[in-house]
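Student: I'd like to learn how to read a structure feature by feature. Could you walk me through one?

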Amino acid sequence: MPRVFRAPGRINLIGGHLDYNEGWVLPIAIDRSCFLAAKARNDRLLRIHSVQMQETFECHLDDPRPQQHHWSNYVRGVAWALREAGQSIAGADLLISNDVPMGAGLSSSAALEVSAGFALLRLSDLKMDRVQLARICQRAENEYVGMRCGIMDQLVACCGRRAHALLIDCRTLEIEPVPFDDSSVAVVVANTMVKHALAASSEYNRRRTECDDAVARIRAVRPNVKTLRDVSWPEIQQMASTWPNDIRRRARHVTTEMLRVHAAAAALRKGDFAELGRLISEAHVSLDTDYEVSSVELNLMVALAQQIPGLLGARMTGAGFGGCTINLTGPNDAAEFAAKLAESYEEKTSIKPDVYVCRASDGVEEIV
Ligand code: ADP
Ligand code: MG
């Protein structure tokens, strides 16, 4: 009998583009997952079938690294990174199916990596700390897939907790679970169904370079600053008058967003959802105007949400340039809000969006 595992997708309530700046983020793991049925083999073959891709891929654990981009690299990369970390995993047959939409900013990639990593370890009777597994999966995506993502997605897929958001310090990887109970608040995810994939990958890398640029300028004056986490916006303002406008605005988003995450965590601890919603909406404006990672469709989805009664706050989630928004509402308003939002987006664009209520769920686990 195969064993069955799941790892969740995620939404980030607030803290957009902060993970690679070693800031704080406040995500929840969602009740949409990558499911993986796995059977150990007694040779060194890895056979992977993806239901979504309708394709089977076979390779040897010792094969050289592939050159071309292929979905199987997310799994092969994890097998490679596990072996690099000294884990002697065996070959396996893996059947993958997910209900996290792919490429929509809900992190189907980390859900796939983490479910595969967890399964490969379990099949070989190996145990690993969850934070370490997240690091290994991030390394797979960075070095094998070639995507310079931060650590947040993999960490949430590993460490998510039912009915909780996670306040994550992306420098120390310390995690504080903060109650996020669906009897008091709801998250509605709205997929614009549009993804500007080219812009997404090139601009993501450009934002990282722009943040490095800001840090280099600051370090010329304050050499012990390591990342934008180490400075405040008022401090940057004093030295940024000669900086290019773009770099200054990127730094303003990052440094003001750090404050918003702390304020949001404080609001959540107090159960002040109106304040949490206000901060989420403020974060969207900052991502749109200062960080410039939103899109016409995301802005439309947020604007339409603001016209519907019951909304506490809305913003884009994920890296941007399309994908999903998140909408905070009261628990009793959520279903009606979701229906109205879907209707008004379709009316404006003729695109039928996926809009659904999400619940905070657990991280990776074996389910059968
Ligand atoms: P996101 O993580 O926001 O969904 P990414 O571009 O980071 O977007 O990851 C999406 C990619 O992950 C897909 O294009 C595909 O290569 C891979 N992937 C995710 N889920 C699956 C799956 N079930 N089967 C095959 N590949 C998958
Ligand atoms: Mg991803």
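Student: Let's begin with H164. Which strand does H164 lie in?

Tutor: This is a predicted model, so keep that in mind throughout. H164 lies in strand β7, which covers residues 164–169.

Student: Is H164 buried or exposed?

Tutor: The idea is to compare relative accessible area with a cut-off: under 20% means buried. H164 comes out at 18%, so H164 counts as buried.

Student: And what lies 2.8 Å from a polar atom of the H164 side chain?

Tutor: That's the backbone oxygen of R162.

Student: Next topic: backbone angles. What sign of phi should I expect?

Tutor: Most residues other than glycine have a negative phi. In this model, H17 has a positive phi of about 65°, and H17 is not a glycine. L173 isn't a glycine either, and has a positive phi of about 65°.

Student: Where do H17 and L173 sit in the fold?

Tutor: H17 lies in the loop between β1 (3–12) and β2 (24–25). L173 is found in the loop between β7 and β8, with β8 spanning 175–179.

Student: Are those two buried or exposed?

Tutor: Use the cut-off from before. H17 has 7% relative accessibility, so H17 counts as buried. L173 is buried as well, because its relative accessible area is 9%.

Student: Now the ligand. Where does ligand 1 sit?

Tutor: Ligand 1 sits in the largest pocket. To read a site like this, list the shell, then look at polar contacts. Here 17 residues surround ligand 1, and the closest are S50, N98, G103, S108 and S109.

Student: Which elements supply at least two residues of that shell each?

Tutor: β6 (92–98) and α2 (108–123) do. α2 gives the most, with 3 residues.

Student: What does the shell look like by class?

Tutor: The shell around ligand 1 has 9 nonpolar residues, 8 polar ones and no charged ones.

Student: Which polar atoms come up against the oxygen atoms of ligand 1?

Tutor: Take the side chain case to start with: a polar side-chain atom of S109 lies 2.9 Å from an oxygen atom of ligand 1. The backbone takes part too, with an N or O atom of G105 at 3.1 Å from a ligand oxygen. A polar backbone atom of S107 is 3.5 Å from an oxygen atom of ligand 1.

Student: And how much of ligand 1 does the protein cover?

Tutor: On its own, ligand 1 has 560 Å² of accessible area, and the protein covers 81% of that.

Technical notes. Residues numbered from 1 in each chain as written. Chains lettered and ligands numbered in written order. Predicted model: local features only at pLDDT ≥ 70, side-chain atom pairs only at ≥ 80, totals over all residues. Heavy atoms only, no water. Near = heavy atom within 4 Å. Polar contact = N/O pair within 3.5 Å; in protein donor to acceptor, adjacent residues only side chain to side chain. Areas by Shrake-Rupley, 256 points an atom, 1.4 Å probe, with all protein chains shown as cover. 1 Å grid on protein atoms, 1.4 Å probe; cavity = no way out; pocket = protein on both sides within 12 Å on 5 of 7 lines; lining within 4 Å. Sits in = over half its atoms within 2 Å of the grid points. Helix = DSSP H or I, 4+ residues; strand = E, 2+ residues; numbered from the N terminus. Nonpolar A, V, L, I, M, F, W, Y, C, P; charged D, E, K, R; others polar. Buried < 20%, exposed > 50% of the residue type's maximum accessible area, 1.4 Å probe, protein only.
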